[in-house]
Amino acid sequence: MSTGSSPAARPDRLITLSDGIFAIAMTLLALDVRVPPDLGSAEFDEALRETLPQLAAYALSFLIVSIFWRDQRRLLLMSATTGGIPQYLALAVLGVIALVPFPTAMLAEYGAREPVAVAAYAAMICLVDLLHLAMFALLRVRHGITDVGEWRDTAADLAATVVVFGASVPLAFLAPHAAMWCWLALFPVKVVLGRQERRRRDAPGPPPGGRDPRARPGAAGPGDPPRSTGP
């Protein structure tokens, strides 16, 4: 039934839906972290040690899903007036996010003992960022997001996750432990990219009608009259 308002005119509905699905997925991540009841002292200590892989998988997934939530909100706000394919891609992202607890549980239970568990986890994270990258590319190409700094910074941030987790999928079948250690490389990369983005955003631009301080000496500024090239 049509209500007279298109998805592009009501981005708040999709953002609310997105926030709700992310919140549910992040909550479900914690459900597998538990200790059985009615244990003796020795059994309790052993069960507590066995929760360490579950806690590690929970912490990793919670952090990654938090980053996805931040990126999803940014992209939905960018697509607020466009609708169309970017918002359908956003729905596809939500479908994948809802499944994140499943590979997280496999990773916590089997870890590097089962390469498929490692590969499935990496593939799902890679898929979410590929969808986000496709959303951003469509917004730039079709809908006029043309700021070079914004494009470069956002594309680099999204591509870093695709490269790290995508490369770990085939690596998981050869060296599962190495594939999991590769994931940790993403966090210093994100820190470096974030610092570069802040420096670029805070860098002073040329004054209105003035010269760009980075221009070569003798070059005409935006407010300078054209130079004569001779008779």
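What volume does the second largest cavity have? About 40 Å³. Keep in mind that this is a predicted model.

Let me start with the overall search. Across the whole structure, 2 cavities of 30 Å³ or more turn up. I'll stay with the second largest cavity for a moment.

Who lines the second largest cavity? Ile64, Ile67, Phe68, Ile125, Thr161, Phe165, Leu186, Phe187 and Lys190 do. Three elements each give two or more residues to that lining: α3, α7 and α9, the last spanning 186-202. Now the chemistry. The lining of this second largest cavity holds 7 nonpolar residues, 1 polar and 1 charged.

On to the largest cavity. Its space comes to about 70 Å³. Around the largest cavity sit Asp71, Arg74, Leu75, Asp153, Thr154, Asp157, Leu158 and Glu197. Which elements supply at least two residues each to this lining? They are α3, residues 52-78, and α7, residues 148-174. The largest share comes from α7, with 4 residues.

And the residue types here? The lining of the largest cavity has 5 charged residues, 2 nonpolar and 1 polar.

So put the two linings next to each other. For the largest cavity, the count is 5 charged and 2 nonpolar. For the second largest cavity, the count is 1 charged and 7 nonpolar. On the helix side, α3 and α7 each give at least two residues to the lining of the largest cavity. Those two elements, together with α9, also give two or more residues to the lining of the second largest cavity.

How values were computed. Residues numbered from 1 in each chain as written. Predicted model: local features only at pLDDT ≥ 70, side-chain atom pairs only at ≥ 80, totals over all residues. Heavy atoms only, no water. 1 Å grid on protein atoms, 1.4 Å probe; cavity = no way out; pocket = protein on both sides within 12 Å on 5 of 7 lines; lining within 4 Å. Points joined across faces, edges and corners; volume = space filled by probe spheres on them. Nonpolar A, V, L, I, M, F, W, Y, C, P; charged D, E, K, R; others polar.
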